[in-house]
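Colleague: I have a model open and want to learn how to read it. Can we go feature by feature?

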Amino acid sequence: MEKKRPAWTSRYAFILATIGSAVGLGNVWRFPYVMGQNGGAIFLIVYIFLILTICFVPLVAELYFGKMTKKEPVGAFESVNPKLKLLGALNPLTGIFISSFYFVVGGWIIHYLCYHNAGISNHSEYFSTLIQRPVYPCLLTLYFLLICIFFTSRGVNKGIEILNKILMPIFALILIFLVSFSLTLPNAHAGLEYMFKPDFSKLNSQMVLSALGQAFFTLSIGMGALLTYGSYIDDNKSVTKSAYTIIFADTVFAILAGIMIFPAVFSYGLEPNSGAGLVFVTLPKIFSQLPYGNVVSFLFFVLLFCAAATSGISILEPPCATLIEKFKISRKKACLILFGIISLISIPATLSFGLMENFKIFDKTVFDLLDFTTSN
């Protein structure tokens with residue numbers, strides 16, 4: 001007999017899982033530094049405009065497509081027309097490529113969670129030394145991958161739902177606390193001004209492209225997560241209402257992440273456009289100067305871990321569901337195969353900052369190439 005397809009236990013579980021997919025490192029790690037590199041407030045305005053207009057339609061379409069077909073990405077496209085099978089395969093492949101650099105950052109988070117501000121004098125040098133090491137960062141990446149694979153292997157109800165029900169409320173509470181704390185810092189108003197007072201001279205096509213890439217990236221559009229999560233929805237649930245909730249939550253969390261970070265950056269006279277190292281170099285430097293800085297630092301990296309883990313399992317679910325349904329194998333076998341594939345790609349991405357930093361494709365390291373092609 002054919003196994004019964006998994007389904008969400010409630011609308012709340014589905015909403016929490018999709019918000020967990022959308023609200024991840026894209027909001028807390030990537031959004032602030034991309035915003036910092038693209039002019040601050042004007043980037044935020046364009047980003048919100050794109051999310052409410054261009055991004056809303058594919059978000060609803062992807063959720064509804066999954067709900068309608070009750071299949072994983074390849075099967076969903078194939079059910080419309082067999083010629084679209086390869087187009088459907090781009091979804092889980094995109095998830096694999098995203099996870100291969102995303103989990104590298106997840107590994108860094110685990111390190112900082114364990115050794116936050118542990119007597120560090122030069123934070124920039126400390127971070128550079130960490131990511132250039134040949135073995136340790138690879139082990140961290142694999143460890144984070146194992147955590148996400150474990151919950152994915154437990155299935156929709158016992159794995160994905162449980163992880164989101166635990167981590168998303170923790171994420172929200174810590175974020176609210178850190179935002180409140182950041183607003184009490186001296187010169188915090190400068191950070192808020194940077195976020196909300198637009199400089200229209202910074203508006204250009206490259207910035208719009210970055211905002212669109214960030215919007216698609218953070219909402220998980222085009223990588224099969226929404227389609228796959230949508231395929232677990234009961235027929236009587238409204239997709240449009242859920243889409244509004246997801247967009248609202250994602251936008252609010254992204255803005256709150258900016259309010260948490262930029263006032264702190266401006267309070268200490270640091271640069272907001274310091275790139276991917278913003279949360280690993282700039283913020284730890286600030287935390288070390290704060291009263292109860294170790295507590296604040298620990299809470300911040302707990303927040304980052306929650307964001308990374310909930311999105312991590314949503315990235316893994318589309319290729320996992322595809323392997324299960326197309327090749328008729330168990331979820332555990334599918335997860336083992338995924339672990340092997342992602343490990344093979346993520347190790348070169350991890351070594352992009354050390355042993356393989358001179359290995360370039362289109363003038364980009366493996367990490368930068370994976371990030372650029374899947375985000376932009």
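Modeller: Start with helix length. This is a predicted model. Helix α9 covers residues 155–183, which is 29 residues. At 1.5 Å a residue, α9 should span 42 Å. The end C-alpha atoms of α9 are 40 Å apart, so the two values agree.

Colleague: Where is the kink in α9 centred, and what is its angle?

Modeller: The kink is centred on Glu161. Its angle is about 25°.

Colleague: Staying in helix α9, is Ser182 buried or exposed?

Modeller: Relative accessibility settles that. Buried means under 20%. Ser182 has 2%, so it counts as buried.

Colleague: Which residues does Ser182 touch, beyond those up to four places away in sequence?

Modeller: Ala188, Ile259, Met260, Pro263 and Ala264. Take Ile259: it lies 77 residues from Ser182 along the chain, yet their C-alpha atoms are separated by 7.5 Å.

Colleague: Next, helix packing. At what angle do α6 and α8 pack?

Modeller: Read the angle together with the axis distance. Helix α6 (residues 85–114) and helix α8 (residues 136–153) pack at about 100°, and their axes are 7 Å apart. Angles of 65 to 115 degrees count as roughly perpendicular, so α6 is roughly perpendicular to α8.

Colleague: Which residues of α6 and α8 meet?

Modeller: From α6 come Phe103, Val104, Gly106, Gly107, Ile110 and His111. From α8 come Tyr136, Leu140, Thr141, Tyr143, Phe144, Leu145, Ile147 and Cys148. By class, this contact has 10 nonpolar residues, four polar ones and no charged ones.

Colleague: Now a lysine. Is Lys67 buried or exposed?

Modeller: Check the accessibility again. Lys67 sits in helix α4. Its relative accessibility is 11%, so Lys67 counts as buried. Leaving aside neighbours within four places in sequence, its contacts are Gly230, Ser231, Ile233, Asp234, Asp235, Lys237 and Val239.

Colleague: Last topic: backbone torsions. What sign of phi do most residues other than glycine have?

Modeller: Most have a negative phi. Positive values are therefore worth listing here, given that general pattern. Lys70 has a phi near 55°. Asp363 has a positive phi of about 65°, although it is not a glycine.

Colleague: Where are Lys70 and Asp363 found?

Modeller: In loops. Lys70 is between α4 (56–69) and α5 (73–80). Asp363 is between α16 (331–350) and α17 (366–375).

Colleague: And how does accessibility class Lys70 and Asp363?

Modeller: Lys70, at 28% relative accessibility, counts as partly exposed. Asp363 has a relative accessible area of 66%, so it is exposed.

Conventions
Residues are numbered from 1 along each chain as its sequence is written. This is a predicted model: local features need pLDDT of at least 70, side-chain atom pairs count only at pLDDT 80 or more; totals for chains, interfaces and linings use all residues. Side-chain values use heavy atoms; hydrogens and water are left out. Axes are lines fitted to C-alpha atoms, for helices over the stretch in contact, and angles run from 0 to 180 degrees between N-to-C directions. Helices (H or I, at least four residues) and strands (E, at least two) are DSSP runs, numbered from the N terminus. Angles under 35 degrees count as roughly parallel, over 145 as roughly antiparallel, 65 to 115 as roughly perpendicular and the rest as oblique. Contact means heavy atoms within 4.5 Å. Ala, Val, Leu, Ile, Met, Phe, Trp, Tyr, Cys and Pro count as nonpolar, Asp, Glu, Lys and Arg as charged, and the others, Gly among them, as polar. Buried means under 20% relative accessible area, exposed over 50%, partly exposed in between (1.4 Å probe, protein chains only). The expected span of a helix is 1.5 Å times one less than its number of residues. The bend at a residue is the angle between axes fitted to the seven residues ending there and the seven starting there.
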